[in-house]
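Notebook open, model loaded. I want to go through the sheets, then the rings, then one arginine.

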Amino acid sequence: MLKKINNLILLIIIMTQTISCQEKANKNTNSFQIDKKEIFYNDKKIHLGMPIEEFAKIVNSEYRVAKYSIPGRTDKVWTWKDGGEAYVNDSGKIKYYNVNTNDDSLEKEYNSIEELVKKVGNYENFKEEKVSGQEQIFYVWDKLGFNVAVHDNTVGQINLYPIAFTKRETEYKLRVPGPPMPQSDDYILTDDKTDVENYQVILERQPKTEFKGTFSYDGNTADFAKIGYTDYNKMVKDLRIEGSSYDPPGDSKGWGRKIWLSYDNCLIDIRRYNNDGKTIKDKVGKIDGVLSIEIWRFTDEDRK
């Protein structure tokens, strides 16, 4: 009888330890898988266009929501018979260019269309188009190293970040009145307020930690907990995506890998980052790694 009780106690201890290990393993799992043209997160099927709340339940981890608004604008374009064209740029100036003449003395910014007309003559056509403002929404998983761009309450794009944004960019700060400030690689002084605002917007939607999970493609796995800042080629080898069919289009073959999925017009865009020749290299060290893994929809134009 005593032996049976001891065996029962031993069995309960083993079962408790097993459950504890399984719970710990599930808690620490952060895995994206591509299998037979479909996408999975921790073995659960996901897809672009699914409700964002459903995706959040599958991830089952703490997240925050980053929102920002893009104001509306009015686009203005003038064209000339000889091929000249002008538009209002972000600074509110009139920017003129002509691919047929390529005259540097004319191709510059003007304060008004009247000033430009005095230089090049009357324009042939004028087009004005109002563009509505919009709100951008990102669900950000800080502890897992990825975010999701949300479109109409659905998953629009999934972004994994193995390299922190602050290791690949510098901070923008507005110039201040007074004596010149000492130069630093930590930030760029700018007169343009939009540079600072755009930097802060991008920083806000970035996860606060790097992606250290796994990414699998047709049974081959890259473990980003083991892939360092200089292991881009190791990632390519681990996923077995060396062939030319994974080359980006055009002349950028060495700067990433693209996995084209016919399912849901989906593209897995693996982007490379190398900081050779950049001043930030002195601060963060050598980097030749995976900048990001982006999962998004493509069109036939994206293949060209």
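Which residue in E19 stands opposite Leu267? I looked it up, keeping in mind that this is a predicted model. Trp296 is the one facing Leu267.

**Entry 1: the seven-stranded sheet**

I started with the strands around that pair. E18 covers residues 266-274 and E19 covers residues 288-297; the two run antiparallel and are joined by nine bridges. As a reminder to myself, strands of a sheet pair through backbone hydrogen bonds, either parallel or antiparallel.

Then I traced the whole sheet. I read the order as E4-E10-E11-E12-E19-E18-E17, seven strands in an open sheet with antiparallel pairing. At the edges I found E4 (64-70) and E17 (256-261), each of which pairs on one side only. I also noted the twist: ignoring direction, neighbouring strands here are turned by 20 degrees against each other on average.

**Entry 2: the five-stranded sheet**

Next I went to the other open sheet on my list, which has five strands in the order E8-E7-E6-E5-E9, again with antiparallel pairing. Its edge strands are E8 (109-110) and E9 (125-131), and each pairs on one side only.

I zoomed in on E6 (residues 84-88) and E7 (residues 94-98), which are paired in the antiparallel sense over five bridges. Within this pairing I found Tyr87 opposite Lys95 in E7.

What lies across E5, E6, E7 and E8? Helix H3 (residues 113-120) does, and I noted that H3 runs at about 25 degrees to E7.

**Entry 3: aromatic rings**

I pulled up the ring pairs and got 17 aromatic pairs in the structure. I picked two to look at.

The Phe32 and Phe211 pair is tilted, with 6.2 Å centre to centre and 55 degrees between the planes. Phe32 sits in strand E1 (residues 31-35) and Phe211 in the loop between helix H4 (193-204) and strand E15 (214-217), so this pair ties together parts that are 179 residues apart in sequence. Are these two rings' residues buried or exposed? Phe32 has 0% relative accessibility and counts as buried, and Phe211, also at 0%, counts as buried too.

The second pair, Tyr63 and Tyr139, is stacked: I noted 4.9 Å centre to centre and 20 degrees between the planes. Tyr63 comes from the loop between helix H2 (52-59) and E4, while Tyr139 belongs to strand E10 (residues 134-141), so parts 76 residues apart in sequence are tied together by this pair. For accessibility, Tyr63 is partly exposed with a relative accessible area of 32%, whereas Tyr139 counts as buried at 10%.

I then followed the ring pairs outwards. They link Phe32, Tyr41, Phe55, Tyr63, Tyr139, Trp141, Phe146, Phe211 and Phe224 into a cluster, which takes in both of the pairs I had picked.

**Entry 4: Arg272**

Last stop was Arg272, which I placed in strand E18. Which ring does the charged end of Arg272 sit over? That ring belongs to Trp255, and the charged end is 5.7 Å from its centre.

I also checked for polar partners: the Arg272 side chain makes a polar contact with the side chain of Asp288, at 2.8 Å. Leaving aside neighbours within four places in sequence, I listed what Arg272 is in contact with: Tyr232, Asn233, Gly254, Trp255, Gly256, Asp288, Gly289 and Leu291. So much for the arginine.

Notes:
Residues numbered from 1 in each chain as written. Predicted model: local features only at pLDDT ≥ 70, side-chain atom pairs only at ≥ 80, totals over all residues. Heavy atoms only, no water. Pairing = 2+ DSSP bridges. Helix = DSSP H or I, 4+ residues; strand = E, 2+ residues; numbered from the N terminus. Axes fitted to C-alpha atoms, helices over the stretch in contact; angles between N-to-C directions. Phe/Tyr/Trp six-rings, centres within 6.5 Å; stacked < 30°, edge-to-face > 60°. Buried < 20%, exposed > 50% of the residue type's maximum accessible area, 1.4 Å probe, protein only. Lys NZ or Arg CZ within 6 Å of the ring centre and 35° of its normal. Contact = heavy atoms within 4.5 Å. Polar contact = N/O pair within 3.5 Å; in protein donor to acceptor, adjacent residues only side chain to side chain.
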